[in-house]
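Here are a few exercises to work through with the model open beside you. Try each task before you read its solution.

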Amino acid sequence: MNTSNLNRSHWLSALTTRGHFSAYMGSWDFYCALCGAGFAASGALPSPEEVESMRRAMEEAGEVSDEYLHADLVTEEDIQWLEDLRLLGRNDHGRIGKGCYITGIGGAEDYGWASADPGDHPNIPTPEWATENYHGLGGKFGTSVYWELSSPDISTEMPLPIHDRCFQMLRRVISGTENGEIDLDALYDAMGTMRGGHGGPCKLMFNNGSLRLDYYELAEHSLEQFWSTVGCEPFLMNPFDISGLSDYISQLPKSPAKTAGSPTPTSPDIFSRLPLELLVEIFMYLPKSSLLPFLLSSRTAHGASRSQWIWKKRLQLDMPWVWEFRELKRDGEFDEVDWHAVYGKMSVLSFRKVWEKKWKGNRWYSEDGENDALNRRLIGIAGRRRIWNCCEEVLELYRKQLAGEGETPWWKRY
Ligand SMILES: [Zn+2]
């Protein structure tokens, strides 16, 4: 066993000993630069014995423990993705471009250390270039990603730790496809402009991997020690494999209207002479604030808004993070679908705080009792939306770098 693996198993056993991180490890926590969540799955869920003991204590005290994720909502498998990271860094000795690289998959270790499979990027630091910050143990590429505030060398350039899944999400957001290209130099510079953010005395770079991005529901978590507590469930679940989504798509609600797909104008007006396709285009390009005046201005326009087709398009436009709807094959099969209802459902699951329902008598409460079991398996949509939004922030910065309009990234300032 190499040192790297030894450290890792030691770290994991420390995690499982007590909650998420044991106290002495806490100050070394680091977070995903893209989404702000941590890299530990172990310890976030209680053992069956702990659940039993908590339930007993709750019964006696009539209270609810919120120290852990709810085991009825999240399984170990759901949060395992948190442990897979990649490192996005820059190598002065790189072979191509500005020397930026992305490693293969690795994981967090103790004392702010991460190690990863080197992967096949031509700019990965090799052993002959290794410095005290880059050690290849057991064939792995290892480095600290946690900036020690007391370190005299403030210019040490740490790579950014990013969940593998978050990097996949970013690839979709940037390229529009699952396997699209990313310009790593532009990405590294884009993210580099956001170093040196939250808290801490260091103005150069934040010491724990997270950036000055809005991390939405987990914004507070990357500022301090991260604890996986009740309410975090949707945001710690695997953002790609949402178990209920394929079941939901296989039984989408059917439209009650026979006229799905076509408006039913009742009197001639200015819009009645326009083909439906054009009305749809107008509907799509209108800002939200103009939607209501537009619908009230014309019966035809109002009729068009009842078209299921419009809601399907609007779903793809407004909620691109449920890309499964964009990628549905054999469109004809979905002609009868009540897309207005689907839009509403996805909107609720993406934005509303349905996950904030608390345990009451050991039961998960939902307003939609009939679909309770399925809703539980769809809560990850909110987590996916959160990461998608983080990626969109990075996309904005990335585009500026590509256009030569971005700020100077951190590594060029010193
Ligand atoms: Zn992440």
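A residue is called buried under 20% relative accessible area, exposed over 50% and partly exposed in between, with a 1.4 Å probe and protein chains only as cover. This is a predicted model, in which local features need pLDDT of at least 70 and side-chain atom pairs count only at pLDDT 80 or more, while totals for chains, interfaces and linings use all residues. Residues are numbered from 1 along each chain as its sequence is written, and side-chain values use heavy atoms, with hydrogens and water left out.

**Exercise 1.** Find which residues coordinate the zinc ion, and work out the geometry of the site.

*Solution.*
- Step 1: Collect the donors, meaning N, O and S atoms within 2.8 Å of the metal (3.2 Å for Na, K and Ca); water is not among the atoms, so sites may look incomplete.
- Step 2: The search returns the SG atoms of Cys 32, Cys 35 and Cys 166 together with ND1 of His 163, at 2.1 to 2.3 Å from the zinc ion.
- Step 3: Check the angles; four donors count as tetrahedral if all angles lie between 85 and 135 degrees. Around the zinc ion the 4 donor atoms subtend 102 to 122°, so the arrangement is tetrahedral.

**Exercise 2.** Place the zinc donors in the sequence and decide whether His 163 is buried or exposed.

*Solution.*
- Step 1: The spacing of the donor residues reads C-x2-C-x127-H-x2-C.
- Step 2: Locate the elements, where helices (H or I, at least four residues) and strands (E, at least two) are DSSP runs numbered from the N terminus. Cys 32 sits in the loop between helix H1 (3-17) and helix H2 (48-61), and His 163 in strand S7 (residues 160-163), so this pair ties together parts that are 131 residues apart in sequence.
- Step 3: His 163 has 0% relative accessibility and therefore counts as buried. Cys 32 is likewise buried at 0%, and Cys 166 is buried at 0% too.

**Exercise 3.** How many disulfides does the count give, and what is the status of Cys 390?

*Solution.*
- Step 1: Look for pairs of cysteine sulfur atoms within 2.5 Å. The count is 0 disulfides.
- Step 2: For Cys 390, the nearest cysteine sulfur belongs to Cys 35 and is 6.5 Å away.
- Step 3: Cys 390 is buried, with a relative accessible area of 0%.

**Exercise 4.** Where is confidence lowest and highest in the chain?

*Solution.*
- Step 1: Use pLDDT, the predictor's confidence in each residue, from 0 to 100. The chain's mean is 76.
- Step 2: Confidence is lowest in H1, at a mean of 32, and highest in helix H4 (residues 164-175), at 97.
- Step 3: Where pLDDT is low, the predicted coordinates should not be read in detail.

Conventions
Four donors count as tetrahedral if all angles lie between 85 and 135 degrees; four count as square planar and six as octahedral if opposite donors are over 155 degrees apart and all others between 65 and 115; anything else is irregular.
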